[in-house]
Amino acid sequence: MTAATPPAPPTADNDWWRSAVVYQVYVRSFADANGDGVGDLEGIRQRLPYLRELGVDALWLTPFYTSPQIDAGYDVADYRDVDPLFGKLADFDAMITDAHALGLRIIVDLVPNHTSSAHPWFAAALAAGPGSPERARYLFAEGRGEQGELPPNDWESIFGGPAWTRVPDGQWYLHLFDPAQPDLNWRHPEVRAEFEDILRFWLDRGVDGFRIDVAHGMIKAAGLPDVGFNSMTTGRRQSELLGKGRLPYFDQDEVHEIYRAWRPILDSYPGGRMAVAEAWAETPQRLARYIGPDELHQAFSFDFLDATWSADSFRKVIDTALAESTIVGAPTTWVLSNHDRQRHVTRYGDGEVGLRRARAAALLMLALPGCAYVYQGEELGLPEVLDLPDELRQDPAFLRTGESRDGCRVPIPWSGELAPYGFGPAGSELSWLPAPATWRGLSVAAQAGVPGSTLELYRTALRVRHEHPALAGTDGITWLETEPGVLAFHRTAGDAELTCVVNISGAAATITGYGRPVAASADLTERGDGHVLPVDAAAWFERR
Ligand code: GLC
């Protein structure tokens, strides 16, 4: 059923996504309205004013569809309904209506590479047997070895172990992730038609865009050729090649046909409906092929996320990403953290040092032209929770690889003295992962209105980003000459100029000649006619 009156987009601006700040809501960990310890759609609706006040333009919601939750919802059993854990379709409608009324757009996650093994198509495929039309929608194959007892090829799951599982009749099916996530056969017309219909279903409900999960994965090389090594044979994991090399199951040229078919669907709706690719490709050039006027609008720049804390590393990544985006005529999509990666406070050194750097990185990212994605909790300076007890970890990759993404998925601390810090309704003590005692001082309530807090830093930066004419366009940046280890660039519009300076040099830097400071990740002190910018800090200066 479609909402009677699909909520109208907040503005008619078709290009809103080019410079938007998108806030990633990891639904199960954002806000829990019904007190079951898991975040939900009503929880998001209730917290929309917080997001409005923070100053973001759009939300990306991780999957809330019907799912056994083996991979936290990235195993979808019904693409057109809400899992009872998160609410009902009516809750989605209420949430998007309120979001749009507040001027916030909604991007939903689409998981096209695989379904859940609980999806009716997979149940039908298992029941129908080898050679059936039902099996043709997935990637079933005969095994190798005399009795077909070996997997059809040497492909490895991203979550560790073989990418194939054998079913009782002897055939094997492909799952690039968990066995509960069978890969679809995207050369099958029914699969393509189904997802085009799913796109329309959510577009009709008013969504402003889609984040495409594993956007590089849907087409596998013909003949399913071996990679040639894997962790079982040589000890080297195939996933090491993600973003660095070619794999026969990722970034195949044919995948672009799918996006060329989707783009006219998005374009047929008013208000600038967009799609962002979670894609891994060997080079920035191959990544850029996912974006452009006839494919997707954006692709996350994971090279920026992976840049080490050094001026050279950031400068190289920024220059490459901006050059590529100029060629394809689409903005760069900056991101520092997400639900799959260790939080950047921790990646940059953890503790006080990591937090200082993370705050500086925020000013760096938010001054760059293009779109920026903020992962929930980074505006609070949350670190990775490194000491979750093993028995509480839920990431399906944990059992197979010993690596778990749970530490960046701990529920958001909103208020109060005790965990889970207002994650649920008053009095609720449940949260699906426990928040550490050290988070008391990091809650929204503990930081709101406190000068110098990370939350206030983000609020200031987002306000300046919206208001300052020099940050309005999508024109490039001009690097300025500085001492080694200090990054400085400016953006201009007419007489307006905004300069971002990041000090990664190891010593305090004196900054003069860029005008008045409008945001700083650490205290600046005046010196002569300039300012002293401490180590691991960033500041914005403006002239109009
Ligand atoms: C993407 C998601 C990740 C998920 C995987 C399989 O990488 O971001 O969370 O586990 O796809 O769907």
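**Exercise 1. Find which oxygen contacts Arg 405 makes with the ligand, and list similar contacts.**

Step 1. Take Arg 405: a polar atom of its side chain is 2.9 Å from a ligand oxygen. A polar contact is a pair of N or O atoms within 3.5 Å.

Step 2. Arg 211 also places a polar side-chain atom 2.9 Å from an oxygen of the ligand. For His 114, a side-chain N or O atom lies 2.9 Å from a ligand oxygen.

Step 3. Check the cover. The protein buries 96% of the 310 Å² that the ligand exposes when taken alone (Shrake-Rupley method, 1.4 Å probe).

The model is predicted: local features need pLDDT of at least 70, side-chain atom pairs need 80 or more, and totals for chains, interfaces and linings use all residues. Numbering starts from 1 along each chain as its sequence is written, and side-chain values use heavy atoms, without hydrogens and water.

**Exercise 2. Describe the shell around the ligand.**

Step 1. Count the residues with a heavy atom within 4 Å. There are 14, and the closest are Asp 71, Asp 213, Glu 278, His 339 and Asp 340.

Step 2. Sort the shell by class: 4 nonpolar, 3 polar and 7 charged. Here Asp, Glu, Lys and Arg count as charged; Ala, Val, Leu, Ile, Met, Phe, Trp, Tyr, Cys and Pro as nonpolar; the others, Gly among them, as polar.

**Exercise 3. Which helix gives the largest share of the lining of the largest cavity?**

Step 1. Count the residues of the lining: 16, with Leu 287, Ser 301, Ala 321, Glu 324 and Thr 332 nearest the centre. A cavity is a set of points on a 1 Å grid over the protein atoms alone where a 1.4 Å probe fits but cannot get out; lining residues have an atom within 4 Å of a point.

Step 2. Assign the share. H8 supplies 5 residues.

Conventions. A polar contact is a pair of N or O atoms within 3.5 Å; within protein, one must be able to donate a hydrogen and the other to accept it, and residues adjacent in sequence count only if both atoms are side-chain atoms. On a 1 Å grid over the protein atoms alone, a cavity is a set of points where a 1.4 Å probe fits but cannot get out, and a pocket is an open set with protein on both sides within 12 Å along at least five of seven lines; lining residues have an atom within 4 Å of a point. Helices (H or I, at least four residues) and strands (E, at least two) are DSSP runs, numbered from the N terminus.
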